[in-house]
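Let's take a walk through this model, going from whole chains down to single helices and then out to the places where chains meet. Keep the structure open beside the text as you read.

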Amino acid sequence: MPVLTHLEAIRQGLWEEMERDPSVFLIGEDIAAYGGAFKVTQGLLEKFGADRVIDAPISESAIVGAAVGAALMGMRPVVEMQFMDFIACGFDQIVNMAAKIHYRWGPAVPMVIRGPSGAGVHGGPYHSQSNEMWFVHTPGLKVVVPATAYDAKGLIKAAIRDENPVIFYEHKFLYRRIKDETPEEDYVVPIGKARIAREGTDISVITYGAMVWTALEAAQELEKERISLEVIDLRSLLPYDEEAVLESVRKCNKVMLLHEDTRIGGFAGELAAVIAEKAFEDLDGPVVRITAPDTPVPFSPPLEEYFLPNARKVAEAARRLAVY
Amino acid sequence: MAEKLTRAQYHDLYYYLRLNRRVDEQLTSLYRQGKVVGGVYSSLGQEATAVGSAYALGPDDFLGGMIRDVGAMLVRGFPPRDVFLQYMARRDGPTGGRDANNHFGDLKRGVMAPVSMLGELVPLLAGVGLAARIRRERRVGLTYVGDGATSTTPFHEGLNFAAVLKLPLIVIVENNGWAYSTPVERQMANTKIVDRARAYGIAGEAIDGNDVLEVYEATRRAMQRGYNGDGPTLIEAETMRMKGHAEHDDARYVPKEMLETWRERDPIVNYEKFLTKEKLLTSDEKAVIEARLDKVIREDVEFAERSPFPAPEEAAQPVWA
Amino acid sequence: MKASKDKRTTEKPLTGARRNGGSFNPGSIARPPDGPMTPLSNRGTAQPDSRTLERMLYYLKLTREAEYRIERVLYRQGKIVGGVYVGRGQEAMAVGATIQLREGDVTFPSHRDFAAWLIRGFTLRQIFLNWLGRGDGPSRGRENTGHFGDVKRGLIPIISPLGDTCPLACGTALVQKQRGQGHVTLVHFGEGTTSRGDVHEAMNMAAVWKLPVIFICNNNAYAYSTPTERQYAVKDLSVRGPAYGMPGVTIDGNDVLAVYEAVRRAIARARVGNGPTFIECKTFRMTGHSAHDGAEYVPKRQFEVWAQKDPVARLEKLLFAKKLLTPKAVREMEEAIAEALDDAAAFAESSALPEGAEATEGVYCGPKCWWQSRLHDD
């Protein structure tokens, strides 16, 4: 099987879907001739032409809104946000228009908004945010956060084929750092299904996105100390795989919830509530959250490192929880 | 010329233009040495717009720039060290390492910090004008946007708002030909940006953004309109981004001839020619200025390099005022 | 669904209506005899033919009466669910513009463009069902007022943050342009909406991509309580057109023929690939912002001045003068309208409210789509 980077996997997913379905097209800023700020869409203009790889003015509202209009006309637009931080500039069109049309009057709005999110590359407060929860709290949207290259490709294809607006979070730290064997034949990864990234017995770590790799790193470290972590990669946040979460909690009886997003209102809070409601009797210890603190993402390397959860912090928390 | 500058003022303008260029060159050098954290966004070729307009402002006026307006911030009194510290993510920088590059400000210096979302400072500086109006203060707010930012929501909403309330706002559109990789004719159908002024019912001027004196004078006129209650001014300053979007971008999408043409219009070279011709700058005076520049750049780079990174736990300082 | 379908049998199916000769009857009320999407020649004369003139008068009157019924009768009886926003005095924009659309064209009416729904083939019964929040209404009780549409009929509704439809119009026009069949998109919005970034971003985008969109500003002088001089600082908003690189015109929005002609020219331009046009229609909101709003902030004199420019009376006068219509024919038209409104109101009132538990259905579209069995079976 060919080995692809996270970024190449997304590009290949876009490519294949555009080949398969002429209604798929791309729209965003600097995505055509330039190939995108991170070069995710490089080569697509040459292959598919300017009608299907469209450079837009710096108008996020108009870009998202035009995508909704095109979706209503039977197209499947894929919008690129140059950085997911700038999705705020198109917020109204996403939460008030795209998310609600189907519920309000019936038509499907099949579209994807994708782009780089997350910290770790010293991007500062406007090139580093994990703002997925803005959209997880908006019924009508789907929110997808892949960790592996295999999943990135399978999920972007699933997102494009979905009948609903899907917000697709790519982690810029993973783009060129993560490689995977990725099959050439067509496959999709279903939205809403979690994956056991690592089987374990003592503590279940439930996480998503780049933090999956952090959890795996911690798990490897703790193996030497005979603490066995199970790592659940949620892959989708809306909808999410509640059953996979509960199953892992029931198996390990201890649980840590890990994300790069800040703490209050983060996804860990929702998971903690569901675990308390449905698996309270299965718990042998407190639910532990490992998240970023409630601040903007700072720029300078020591500050950013302090801000971000990492394997050391996960391992320390796991050691404490293991002896609880 | 509407307003006669003193010899010292001509020299000031020259000094800040050169300082802007020197800071720019130094940043490129630091970037190549691997000492910069993140990207470097050059103002090469656009110095006259930032310097000429900022120099025109009075001490009570406010400005808020964008990424290429370091020159304006230098004019408002930030030492070059602040720029170096910011780009190197050091503790002693104005944001203490929280934000990058020229994303810093200081209310005492009348500078609002830029942000990455383009156009966002237009409503913000309109707000500065609004506060001045309410408190009956003689003050204008000035901000810069690129040609690309004219396509954004805050550009439109901010300008229309300021037009209706006749606020003392100056928006300088630095039409530098490119928004990242997007040429201006892919950004808008009517590339005469100054035409937008009519659409809002405000004053508009199209000027040569590479002529520091023209920028200065246009800004002075706009300030007068603002002070007199005649509302905002939109200034289209024609200029050219002489490098890529950031240091990593080789800008191969920009036609070579375009760069060649604009190299002839270098704002500093041409200003120097003017000063020499008008006998406003002797070679001795020039040498003094260069020595001053050498000194400040050398000292400030040293200072910045000596400054430590911030302590990690400073990340958890309270976010609320 | 079966029961409600049976109830609907008194209303004639649309296909029948289209075949149904000349008279106005309740069954064909929303789709008059020659169909709503009359092809209009790009080279044709500026004056609409007599048949189109008659249809325009019909829709003007129908709109006026239907909105009266909603605002002054049903609302006051407490039967309307939620707020009421009508377009009294500004009916000419939707009529003059929508009447010339073809199949495949798309329109985004504002909330004061009632006639657009009628002309695009929605029945009065559907419209009233929606106003009364009924389970069989086009939004199944999920949305109020005119917040419903139908992609097949080429009508996409607004949402409450006004101006959001302008970027969508760029999207539909982009697809129309790429499909190359000469279809166009209309989008209506008020003058207050022009202050929003979405309108700006969309107009710039449409101009730079030469999209077949016609931006129609229904400038009715007040955005809620805000008069135009507190909304923008120019005399005519149409100056914005050239600023973006598209034609801009200001016309009398109470003259349905002026609307017709300006839109006709714009459509002709758009159909052959010459890009967008901005049309500012000066009109006046003869009501408050909504039914609860007494509009005390509007000088009384203004209402008197604009009453003299009433778009319905003006066209009627013209048709009499041109001897294209007899008083008898108008009377018949009015009787048919009253009858149709009685029918629609009675039908909607007798129709059931939705089941509460349905609130959680149909959030997402998928293989087992809740909407599939419920969409436009009427």
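The radius of gyration used here is taken over C-alpha atoms, and the globule rule it is held against is 2.2 Å times the number of residues to the power 0.38. With that in hand, take chain A: for 324 residues a compact globule would come out near 20 Å, and chain A has 19 Å, which agrees.

Some housekeeping before going on. This is a predicted model, in which local features need pLDDT of at least 70 and side-chain atom pairs count only at pLDDT 80 or more, while totals for chains, interfaces and linings use all residues. Residues are numbered from 1 along each chain as its sequence is written, and chains are lettered from A and ligands numbered from 1 in the order in which they are written.

Back to chain A, which has 12 helices and 14 strands; helices (H or I, at least four residues) and strands (E, at least two) are DSSP runs, numbered from the N terminus. Its C-alpha atoms fill a box of roughly 60 × 40 × 40 Å along the principal axes. Buried residues make up 65% of the 324 in chain A, where buried means 20 or more other C-beta atoms within 10 Å of the residue's own, exposed means 12 or fewer, and partly exposed is in between, with C-beta atoms placed from the backbone. Of the contacts in chain A between residues at least 6 apart in sequence, 80% join residues at least 24 apart; two residues are in contact if their C-beta atoms, placed from the backbone, lie within 7 Å.

For a single residue in chain A, try A:Met133, in helix α6 (residues 133-136) of chain A. Is A:Met133 buried or exposed? A:Met133 has 20 C-beta neighbours inside 10 Å, so it counts as buried. Setting aside neighbours within four places in sequence, A:Met133 is in contact with A:Asp261, A:Gly265, A:Gly266 and A:Phe267.

Now swing over to chain B, with its 12 helices and eight strands. Chain B has a radius of gyration of 19 Å, close to the 20 Å that the globule rule gives for 321 residues, so chain B is as compact as a globular protein of that length. The box around the C-alpha atoms of chain B, along the principal axes, is roughly 55 × 50 × 40 Å, and 55% of the 321 residues are buried.

Helix α1 (residues 7-32) of chain B is worth following, starting with helix α11 (residues 267-277) of chain B: their axes come within 10 Å and cross at roughly 155°. Axes here are lines fitted to C-alpha atoms, for helices over the stretch in contact, and angles run from 0 to 180 degrees between N-to-C directions. The two helices are therefore roughly antiparallel; the cut-offs are under 35 degrees for roughly parallel, over 145 for roughly antiparallel, 65 to 115 for roughly perpendicular, and oblique for the rest. From α1(B) the contact draws on B:Tyr10, B:Tyr14, B:Leu17, B:Arg18 and B:Arg21, and from α11(B) on B:Pro267, B:Ile268, B:Tyr271 and B:Leu275. By class, that contact has seven nonpolar, no polar and two charged residues (Ala, Val, Leu, Ile, Met, Phe, Trp, Tyr, Cys and Pro count as nonpolar, Asp, Glu, Lys and Arg as charged, and the others, Gly among them, as polar).

α1(B) also packs with helix α4 (residues 80-87) of chain B, at an angle of about 25° and with the axes 11 Å apart. That makes α1(B) roughly parallel to α4(B). Here B:Leu19, B:Val23, B:Leu27 and B:Leu30 of α1(B) meet B:Pro80, B:Val83, B:Phe84 and B:Tyr87 of α4(B), a contact with eight nonpolar, no polar and no charged residues.

In chain C, look for helix α6 (residues 124-131): eight of its eight residues are buried, so α6(C) is largely enclosed by the rest of the structure. Those buried residues pack against α3 (50-74), α5 (114-119) and α13 (327-350) of chain C. Just after α6(C), C:Gly133 takes a positive phi of about 65°.

Finally, the places where chains meet. The contact between chains A and C takes 30 residues from chain A and 36 residues from chain C. α3(A) gives the most to the chain A side, with nine residues.
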